[in-house]
Amino acid sequence: MTGLEAVGAAAAVGAGSGAAGDVSRAEICVVACAEAWRGDGEIAASPMGLIPTAGARLARATFEPDLLLTDGEARFVAGTWALGRPAPGPVEGWIPFRSVFDLLWAGRRHVMMTPAQIDRYGNANISAIGDHARPARQLLGVRGAPGNTVNHPTSYWVPRHQPRVFVPRVDMVCGVGYDSGRAAGPAAAAFLDLRRVVTNLAVLDFGGPDHALRLVSVHPGVAVDEVVAATGFELAIDGAVPETRPPTPAELRLIREVIDPAGLRDGEVRG
Amino acid sequence: MLRWLKLRGAVDDGTAVADKWMSEDDVVARLRSGMTIGIGGWGSRRKPMSLVRAILRSDVRDLTVVSYGGPDVGLLCAAGKIRRLVYAFVSLDSISLEPHFQAARQRAAIEVTEYDEGMLQWALYAASCRLPFLPCRAGLGSDVLTVNPELRTVRSPYADGTELVAVPALPLDAALVHLNRADATGNGQFLGDDLYFDDLFCTAAEHAYVSCERIVPTSELAAGGLPRLRVHRWMVAGVVEAPNGAHFTSCAPDYDRDEGFQRAYVAAARDPAEWSRFAARYLSGDEHAYQAAVAAQRAAALGAGTLGAGTLGAGTLGAGTLGAGTLGAEASA
């Protein structure tokens, strides 16, 4: 069985027996991503990727109305709109790239990035796999990850939870983890605030010993052992692990009818 | 030719402002092997591609290229023009990874200085301000400091004593940027939502060259709104009129990214034989030949043959009009 089939099979079991009813795994993930921004207030939510974007829009449309969201280019836009469509809402502000750096250095932003690798203390790699001098696989480069992580809250989204992503040690520290930040001194650690990691299987945070990655909840239909097996290092677990909460009926309606009527979410997470 | 004469700075209003109108090849004639060259735009957005293509045709090499990288970096990698790349990322935006850049990195064909995006801004800003460095939090705790061992930290001289990254100034020998409009004296105008860091590239450079979709009389610039006039003639050594010059990257609002062409570029770049064919078709001639080949491909894709090379121009070459699937299918066939 491939990893993906395993996920699908688990979801099918969950659909029949769990509290989630006919809620899809992708919908669980959208809500889990939305929860990352709960309590953030009047800051910019910067989701990278489809399900985090749906989550940020859901958070603002429901429990976190003061968030600022961009159209993906240089405008802050009000309202709630569909993935893959232009933002129709009123423009609230102009946020060209230079202003993005002003914003993030001021700390008024919470980003959710997708790492190619992430380790036990939250170091994240989006740059290259292998030796940096001659990578086995060149990816994007560090982008803004070093600056994001030492300046403002950061969360991560992993669409396929697997040992290849959750590694003992990342090949290149782009997003700064708690151990690296602590070792680099007070200026690196002052605003380091890794919030949560949402995957297709579970929600995790850095509440383990010395800010180690900890299992917070498993999505309906996912066994704790499945998450442990898909993680390439020791995962902190405090007692019984609850299930990730399902969407409320109002959230489900927003996801299905307003934010993602085309069902793009199912292309990122199956089941 | 009359339009050309009327647009020359000295003719426009009778004053003797320096006239900087030149061709792509004039710009490249001023570049030398071994120079440090900054390229404006961001990813696959508003890149000075006609100037990059002119570099491909030249014997200039061993360049240190500084870029928020897109296909500018990819093409220069493929042509072996880059000795060192200074970057935070290289991406085609709608296609996340740049195949030529990946290939060059994976065979260690280029030296690299990989910075955080904000560090790169600071490096250009320090050079613009003639400062040796600017302090920065970004980079601390990350492997940016490991893979760039020449980077130093600096301690605040004030009571806080904070230790920060001292981002060294990155002065450029030349900068290349593409804007929507400019006058012949070098006043540039961006019409899209984002200037990116084009003004910083210009001010960090000894000589900056602006290509643009259309050169207009100075008197037309202010009508677009003062905040769009961020590139001034004191920053600029040369102006090139390059309609569709950012192709296949976006140049909003004049045109969108040519997604079909970009897909064909990526498909070709992943196979040496396909790349040879692609290069022969699009990159073997001058800029006029390139634009004619693009227009011919577009006309063929539309199946109507209505867009001949004679209609070439920014307005008629909306990227969105290209049958996106056609090019990709052909290139991968």
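Select α5 (71–78) and α6 (residues 99–106) of chain B in this predicted model, and look along the pair: α5(B) and α6(B) pack at an angle of about 50°, with their axes 7 Å apart. Angles of 65 to 115 degrees would count as roughly perpendicular and those under 35 degrees as roughly parallel, and α5(B) and α6(B) are therefore oblique to each other. The handedness of the crossing of α5(B) and α6(B) is left-handed.

Now show side chains where the two helices touch. From α5(B), pick B:V73, B:G74, B:L75, B:C77 and B:A78, which meet B:P99, B:H100, B:F101 and B:A104 of α6(B). Sorted by class, this contact of α5(B) with α6(B) has 7 nonpolar and 2 polar residues, and no charged ones.

Stay on α6(B) and colour the helix by burial. Of its 8 residues, 6 are buried, and the helix is mostly covered; the buried ones to select are B:P99, B:H100, B:F101, B:Q102, B:A104 and B:R105. What do the buried residues of α6(B) pack against? Within chain B they pack against α5 and α10 (259–269), and across in chain A against β7 (128–129) and β8 (137–138). Step just past the end of α6(B) to find B:A108, whose phi is positive, at about 50°.

Next, widen the selection to the contact between the chains, which takes 35 residues from chain B and 35 residues from chain A. On the side of chain B that touches chain A, at least two residues each are supplied by α6, α7 (117–128), α8 (144–147) and β7 (163–168) of chain B, and the largest share, 4 residues, comes from α6(B). By class, that side of chain B has 16 nonpolar, 10 polar and 9 charged residues.

Move to chain A and select A:W94, which lies in strand β3 (residues 91–94). Is A:W94 buried or exposed? With 12 other C-beta atoms within 10 Å, A:W94 is exposed. Apart from neighbours within four places in sequence, A:W94 is in contact with A:A74 and A:R75. For a distance label, draw a line from A:W94 to A:G141: the two are 47 residues apart in sequence and 26 Å apart in space, C-alpha to C-alpha.

Finally, colour chain A by pLDDT. The mean for chain A is 93, and 92% of its residues reach 70 or more. Over residues 1–20 of chain A, however, pLDDT stays under 50, and the model has 30 contacts beyond four places in sequence for this stretch. Where pLDDT is low, the predicted coordinates should not be read in detail.

Key
Residues numbered from 1 in each chain as written. Chains lettered and ligands numbered in written order. Predicted model: local features only at pLDDT ≥ 70, side-chain atom pairs only at ≥ 80, totals over all residues. Buried ≥ 20, exposed ≤ 12 C-beta atoms within 10 Å, placed from the backbone. Contact = placed C-beta atoms within 7 Å. pLDDT = per-residue confidence, 0-100. Axes fitted to C-alpha atoms, helices over the stretch in contact; angles between N-to-C directions. Parallel < 35°, antiparallel > 145°, perpendicular 65-115°, else oblique. Left-handed = near helix turned anticlockwise from the far one by under 90°. Nonpolar A, V, L, I, M, F, W, Y, C, P; charged D, E, K, R; others polar.
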